[in-house]
Amino acid sequence: MGHHLNADAEDGRRALDIPTIGLFALVTSSGLIGVPLFGYVYGYTKLDWALAGVLYLISGLGITVGYHRMISHRSFRCPDWVTVAFLVAGSWAMENSVLKWSANHARRHARVDQEEDPYNATKGFWHSHCVWFFTKNPHRTERCAPWLRQDRIVMWQHRWYVPLLLSGLALPFLVGYAYNGWRAVWVASCWPVPGGSFWC
Ligand SMILES: [Zn+2]
C-alpha cells in the first residue's frame with residue numbers, strides 16, 4: 001500500500017481540491033444553463049448586456065492590469081486609490097485573493113514549465129488553462145513572494161477577499177433590481193463565469 005502511495009506521488013498525481021471544483025461547477029453550470037434559459041423565458045434588456053460587457057471588462061482589467069502587471073510584476077506604480085480600485089475589480093473575477101494569485105504567478109516565473117510551475121504548459125492546454133486549480137498543489141507557494149506580505153493593500157484585499165467578491169455579485173443585482181425587479185437575480189448570478197487570464 002505504502003509503495004503504491006509513493007509511486008502515485010512520483011507520478012505527480014495530486015489530491016483533488018473539492019471546494020474549488022464544486023464552486024467552479026456551480027458557477028459554470030449556472031452560467032451555461034441559466035443564461036440561455038433566462039434569455040428564452042424572459043429575454044435580455046440592453047441594461048443586462050451593458051452590465052455583462054462592462055463587468056467583464058472591469059474584472060478582466062482587474063486581473064490583467066491589477067493582479068498581473070501591477071502586483072505580480074511591479075511594472076508600474078500608482079496612487080493607493082487606483083491600486084485599491086484594480087484589486088477590488090480583480091476580486092470580482094473570482095480568481096482568489098491577489099496574495100495567492102501573485103504568489104502562484106511568481107512561482108510560475110521562477111520555475112517555468114517545471115514541476116513546481118502551477119500552470120506547467122508541458123502538461124497540456126487544459127492543465128495550464130484551468131485543470132491546475134482542481135488539484136491541491138504540494139509546493140509551498142508562500143515562499144515565492146515574501147514581498148507581497150509587506151504590501152498593506154495586498155494584505156487588505158486578502159483579508160476582505162470574500163466580502164469584495166460578493167460585492168461584485170451584489171452590484172449588478174442592485175442595479176438590475178432597481179431597473180427590473182427580482183428578475184435581476186439571475187443576471188447577477190450568471191455573469192462571472194471564470195475566464196482564466198493566466199498567461200504571462
Ligand atoms: Zn507574468
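Trainee: How are α3 and α4 oriented to each other?
Mentor: The model is predicted: local features need pLDDT of at least 70, side-chain atom pairs count only at pLDDT 80 or more, and totals for chains, interfaces and linings use all residues. Numbering starts from 1 along each chain as its sequence is written. Helices α3 (residues 46-72) and α4 (residues 80-91) pack at about 120°, with axes 7 Å apart (lines fitted to C-alpha atoms over the stretch in contact, angles from 0 to 180 degrees between N-to-C directions; helices are DSSP runs of H or I, at least four residues, numbered from the N terminus). With under 35 degrees roughly parallel, over 145 roughly antiparallel, 65 to 115 roughly perpendicular and the rest oblique, α3 and α4 are therefore oblique.

Trainee: By class, which residues make the contact of α3 with α4?
Mentor: α3 contributes residues including I58, L61, V65 and M70, and α4 offers F86 and L87 among others (contact: C-beta atoms, placed from the backbone, within 7 Å). Ala, Val, Leu, Ile, Met, Phe, Trp, Tyr, Cys and Pro count as nonpolar, Asp, Glu, Lys and Arg as charged, and the others, Gly among them, as polar. The contact has 9 nonpolar, 5 polar and no charged residues.

Trainee: Is R74 buried or exposed?
Mentor: R74 is in the loop between α3 and α4, and has a positive phi of about 50° although it is not a glycine. A residue is buried with 20 or more other C-beta atoms within 10 Å of its own, exposed with 12 or fewer, and partly exposed in between. R74 has 11 other C-beta atoms within 10 Å, so it is exposed.

Trainee: What is the phi of N96?
Mentor: N96 is in the loop between α4 and α5. Because 19 other C-beta atoms lie within 10 Å, N96 is partly exposed. N96 is not a glycine, yet its phi is positive, at about 85°.

Trainee: What covers the buried residues of α5?
Mentor: Buried residues of α5 include V98, L99, W101 and H105. A106 also lies in α5 (residues 98-110), but with 19 C-beta neighbours inside 10 Å it counts as partly exposed. The cover includes α3, α4 and α7 (152-159).

Trainee: How many residues of the protein chain, as a percentage, are buried?
Mentor: The chain has 9 helices and 0 strands. Among contacts between residues at least 6 apart in sequence, 72% join residues at least 24 apart. Of the 200 residues, the buried share is 27%.

Technical notes
Helices (H or I, at least four residues) and strands (E, at least two) are DSSP runs, numbered from the N terminus. Two residues are in contact if their C-beta atoms, placed from the backbone, lie within 7 Å.
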